[in-house]
Amino acid sequence: GYLTWYSEYYYLCDRCGLVYQNPSMPEGELWRYYDVYNYETINNVESLEHHYGHLNPVSVSTYFNYEAILHHMKELPANASIVDLGGGIGEFAVYARDRFPGFQVSLFDFRIDDRVKAEIEKRKIAAKSINFFNEPLGENEFDLITNWEVIEHLPPRKLDSYFRSIARALKPGGLYALSTPDFDNPYCQALDFW
C-alpha cells in the first residue's frame, strides 16, 4: 500500500546519516526479545527460593528503587492491596511481602513462568499473566501500583490508555511508582527503548 504521514518504516540516524528499517518487533512477538536476548532466563536461576531469600543491590538491579519508596509503603493501610505491573520474576512482590506481611500483594506480567508462579504463590502472592493493554486492571483496586523498568518498553501511542487504566485501578489517594533507565547511558541508548 501507500506510505502515509504516520508510517514508520524507515529511520535516519542523526549522527551518521544511515537509513535503516524500523527495528521494532511486532507486539505479539516481543516476548522473544525479552525472553531470549534481554533477560536472564528463569532456567539460569539455580533456585528461586534462594534468589528470593537474598534480594539485595547486587542480585537485583532495581533494588534501590524498592528502597526509595519504602517510606511511602509504610504510610499505606496495614492491609493495603499492591500490584507490580511487568514485575518479571517477582522480586519486588517478594520484597513487599517480606516487609509487609499484611499487604495483599500481586504480580502481573505479560507471561509468568510456571516455576515463578509456583514459588510466588507459595509466598501468598497472587501471580497473573495479563496483557495490560487489552485487559482492565479493575477500578479502585490498589493502594500502590509499581512499574520498575517497564515504561520505556511501551509504545508511546498506547501510554494514554495505559495511564488511564492505572488511574482507574488506583484507590482514592493511591500511589503509582515507576522507574526507567538513565537515557544518557550509552547502554540504554543502544537498546532502542521508546
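**View 1. Phe-100 and its stacked partner.** In this predicted model, Phe-100 is buried, with a relative accessible area of 13%. Its ring is stacked with that of Phe-103, with 4.6 Å from centre to centre and 10° between the planes. Phe-103 counts as buried too, at 4% relative accessibility. This stacked couple belongs to a total of 16 aromatic pairs.

**View 2. The largest nonpolar core.** Here we look at a core of 29 residues, in which Met-73, Ile-82, Phe-92, Phe-103 and Ile-120 touch the most other members. Who supplies it? At least two residues each come from helix H2 (48–53), helix H3 (63–68), helix H4 (70–74), helix H5 (91–99), strand S4 (104–109), helix H6 (114–122) and strand S6 (142–148). H5 gives the most, with five residues. As background, nonpolar side chains in soluble globular proteins tend to be buried together.

**View 3. Zooming in on Ile-82, and a second core.** Leaving aside residues up to four places away in sequence, Ile-82 touches Met-73, Leu-76, Phe-92, Ala-96, Phe-103, Gln-104, Val-105, Ser-106, Phe-142 and Leu-144. Apart from the core that Ile-82 belongs to lies another one, made of 16 residues. Val-83, Leu-85, Phe-133 and Leu-170 are among the members of that other core.

**View 4. Helix H5, wrapped up by its surroundings.** Seven of the nine residues of H5 are buried, so the rest of the structure largely encloses this helix. Reading along H5, the buried ones are Glu-91, Phe-92, Ala-93, Val-94, Tyr-95, Ala-96 and Arg-97. Two of these, Phe-92 and Tyr-95, also turn up in an aromatic cluster. The other members of that cluster are Tyr-63, Phe-64, Tyr-66 and Trp-148.

**View 5. Helix H6 and its buried face.** The buried residues of H6 are Val-116, Glu-119 and Ile-120. Looking down the axis of H6, they fall within an arc of 100°, so they line one face of the helix. Asp-114 and Lys-122, on the other side of H6, are exposed. What do the buried residues of H6 pack against? Their neighbours are H2, H5, S4 and strand S5 (126–129).

**View 6. The two ends of H6.** At the start of this helix, Asp-113 stretches a side-chain oxygen to within 2.7 Å of the backbone nitrogen of Arg-115. After H6 comes Lys-124, which has a positive phi, near 60°.

**View 7. Two lysines over two rings.** The charged end of Lys-128 sits over the ring of Phe-108, at 5.5 Å from the ring's centre. In another such arrangement, Lys-158 lies over the face of Phe-133, 4.7 Å from the ring centre. Phe-133 is also one of the residues of the 16-residue core.

**View 8. Positive phi in two loops.** Asn-140 is not a glycine, yet it has a positive phi of about 50°. You'll find Asn-140 in the loop between S5 and S6, and at 46% relative accessibility it counts as partly exposed. Glu-149 isn't a glycine either, and its phi is positive at about 55°. This residue lies in the loop between S6 and H7. Glu-149 is partly exposed, with a relative accessibility of 23%.

**View 9. Glu-152, a buried loop residue.** Glu-152 sits in the loop between S6 and helix H7 (156–169). Is Glu-152 buried or exposed? At 4% relative accessibility, Glu-152 counts as buried. Its C-alpha atom is 9.1 Å from that of Ser-179, and the two residues are 27 apart in sequence.

**View 10. Pro-172, out in the open.** Pro-172 is part of strand S7 (residues 170–179). With 76% relative accessibility, Pro-172 counts as exposed. Its C-alpha atom and that of Glu-141 are separated by 9.7 Å, while the two residues are 31 apart along the chain.

**View 11. Stepping back to the whole chain.** The protein chain has eight helices and seven strands. Of its 194 residues, 39% are buried. How do its contacts span the sequence? Among those between residues at least 6 apart, 61% join residues at least 24 apart.

Note on methods: Residues numbered from 1 in each chain as written. Predicted model: local features only at pLDDT ≥ 70, side-chain atom pairs only at ≥ 80, totals over all residues. Heavy atoms only, no water. Core = buried A, V, L, I, M, F, W, Y, C linked by side-chain atoms within 4.5 Å. Buried < 20%, exposed > 50% of the residue type's maximum accessible area, 1.4 Å probe, protein only. Helix = DSSP H or I, 4+ residues; strand = E, 2+ residues; numbered from the N terminus. Contact = heavy atoms within 4.5 Å. Phe/Tyr/Trp six-rings, centres within 6.5 Å; stacked < 30°, edge-to-face > 60°. Lys NZ or Arg CZ within 6 Å of the ring centre and 35° of its normal. Arc of directions from axis to C-beta. Polar contact = N/O pair within 3.5 Å; in protein donor to acceptor, adjacent residues only side chain to side chain.
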